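Biologist: Please give me a close look at one part of this model, and take your time over it. I'd like to hear how the pieces sit against each other, and then how that part fits with the rest.

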Amino acid sequence: MKTLSSLAFSLVLTASTAALPARADHIRDLCDVVGVRENQLLGYGVVTGLNGTGDDISAPFAAQSLLALMRRLGVQVDSGQMRLRNVAAVLVTATIPPFARPGAHLDVTVSSIGNARSLQGGVLLQSPLHGSDLHVYAVAQGPLVLGGYEAHGNSGSSVRTNITTAARVPAGALVEREIAMPFVKDDVITLALRQGDFVTTQRIVEAVNKELGAGSASAIDGATVKVKAPGPLLGKPIELVAKVGDIDVQPSNPARVVINERTGTIIAGGDVRLSPVAIAQGGLTIVIRETPVVSQPTAPFGKGTTAVVPRTEITPTEDAPQPSMTYVEGAASLADVARSLAALGVGPRELASILQALRTAGALRAEIIMQ
């Protein structure tokens, strides 16, 4: 029997009640300083020390790389005699933070690009890591740490947990070249909001001007603010960024409801409002039953063939209607909205449909985002 069951949802509240004080955030938690950023590095490497789980001859990257490495080390090897399964070719990735100096350590991630079964027990050989400009900024090397394992028995049975073809090398890369990051020009820094909002931008400008003096900050657009160092902070960019980052600002919370059908979650923002509305909600359940029937046809001389014929029954059932429509009072806070919707006594699936219908009717003051 197959039943079209409803999707389970849960309602998550992301704001406190109106009685609690407004929450303020530091500017450093709302904005990034333009020019101060991370950079991605990419390289090619070879992992050795595998217990017969590396690349085979159908993926010759590792064998060719190892052959070139041995020749650079002065060891002459006949390529026709190489049959290695303890070597794997990998791509090496890392992220270099801002202001990383030569000699700093970075965590790196390696992933197999051949047909290796597992990188367990492997060691990454020295691998240069390049930036987008093809310059080498770090060099990686070291033993791998996996988040899973793989084991095989003599009879062919095996067990594997998580992914064994990707691993990490904690602090396995050394920074060789510093990346210049000029973030101050003429004693002016630029702040970029991580989530653009005109109200939050204006509040940042007002808070900075109140702290540093009138005219210190100005908004360029809805997500960018320029801050000019006042007299005491001229020529002191680090102190300027630190002082601006410590300023408290109350960000604007957009009225938004996010419905994630994949994870079954409904998230409502803090500025969601609800107007008085009347709601009537019904339900429909469809039950599908499949019963196989054996058919034995009658034919002379035993020519008939027994066959299984499926038989399907579909029964729609509509829930009994409510005696009357439900009146929902207006709600001025997220807590009131939650209580009003909970009073409907509907399931999570119906709640998601009601939220969308309320938005269409203009009673729900929020943006609906489906994921």
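Modeller: One definition before anything else, since I'll be quoting angles: each axis is a line fitted to C-alpha atoms, for a helix over the stretch in contact, and the angle between two N-to-C directions can run from 0 to 180 degrees. Also keep in mind that this is a predicted model.

The part I'd pick is helix H3 and the sheet it lies on. H3 lies across S4, strand S13 (188–193), S14 and S15, and it runs at about 160° to S14. The helix covers residues 198–212, which makes 15 residues. From its first C-alpha to its last it reaches 21 Å, close to the 21 Å expected at 1.5 Å a residue.

Have a look at both ends of H3. At its start, a side-chain oxygen of Asp-197 comes to within 3.0 Å of the backbone nitrogen of Val-199. After the helix comes Gly-213, with a positive phi near 120°. In between, the buried residues of H3 are Thr-200, Thr-201, Ile-204, Val-205, Ala-207, Val-208, Asn-209 and Leu-212, so you'll find Thr and Asn in that set alongside Ile, Val, Ala and Leu.

Now the sheet under the helix. Four strands make it up, ordered S4-S13-S15-S14, with antiparallel pairing, and the sheet is open. Strand S4 (31–33) and strand S14 (217–221) are its edges; each has a single partner strand, so one side of each goes without a neighbour in the sheet. Ignoring direction, neighbouring strands here are turned by 30° against each other on average. For a concrete pair, take S14 and strand S15 (residues 224–228), which are antiparallel over four bridges. There, Ala-217 stands opposite Val-227 in S15.

H3 has company, too. Helix H4 (residues 237–245) lies across S4, S13 and S15, and runs at about 35° to S13.

To see how this fits with the rest, move over to the barrel. Six strands close up in the order S5-S6-S7-S12-S9-S8, again with antiparallel pairing. From one strand to the next, the twist averages 30°. Helix H2 (residues 61–72) packs on this sheet, touching S5, S6 and S8, and its direction makes about 85° with that of S6. One residue of H2 is Leu-67, which counts as buried at 11% relative accessibility, the cut-off being under 20%. Its C-alpha is separated by 6.9 Å from that of Val-77, ten residues apart along the chain.

S6 is a good strand to follow round the barrel. Seven of its ten residues are buried, so the rest of the structure largely encloses it. On one flank, S5 and S6 run antiparallel and are joined by ten bridges, and Gln-40 has Thr-95 in S6 as its bridge partner. S6 also pairs with S7, antiparallel over five bridges, and here Val-92 stands opposite Val-110 in S7. Further round, S9 and S12 pair antiparallel over three bridges, with Ala-138 bridged to Val-175 in S12.

What fills the largest nonpolar core, and which residues have the most contacts inside it? It has 26 residues, and the ones with the most contacts inside it are Val-92, Val-108, Val-110, Leu-124, Leu-129 and Leu-144. Elements giving two or more residues to this core are strand S5 (39–48), strand S6 (87–96), strand S7 (105–112), strand S8 (123–130), strand S9 (136–143) and strand S12 (166–175). S6 supplies the largest share, five residues. Zoom in on Val-110: leaving aside neighbours within four places in sequence, its contacts are Val-90, Leu-91, Val-92, Leu-119, Leu-124, Leu-144, Thr-165, Ala-166 and Ala-167.

That brings us back to where we started. Apart from the core around Val-110 lies another core, of 22 residues, and among them are Ala-207, Val-227, Leu-233 and Val-249. You've met two of these already: Ala-207 is one of the buried residues of H3, and Val-227 is the residue in S15 that Ala-217 stands opposite.

For scale, the protein chain has six helices and 25 strands, and 33% of its 371 residues count as buried.

Methods. Residues numbered from 1 in each chain as written. Predicted model: local features only at pLDDT ≥ 70, side-chain atom pairs only at ≥ 80, totals over all residues. Heavy atoms only, no water. Core = buried A, V, L, I, M, F, W, Y, C linked by side-chain atoms within 4.5 Å. Buried < 20%, exposed > 50% of the residue type's maximum accessible area, 1.4 Å probe, protein only. Contact = heavy atoms within 4.5 Å. Expected span 1.5 Å × (residues − 1). Polar contact = N/O pair within 3.5 Å; in protein donor to acceptor, adjacent residues only side chain to side chain. Pairing = 2+ DSSP bridges.
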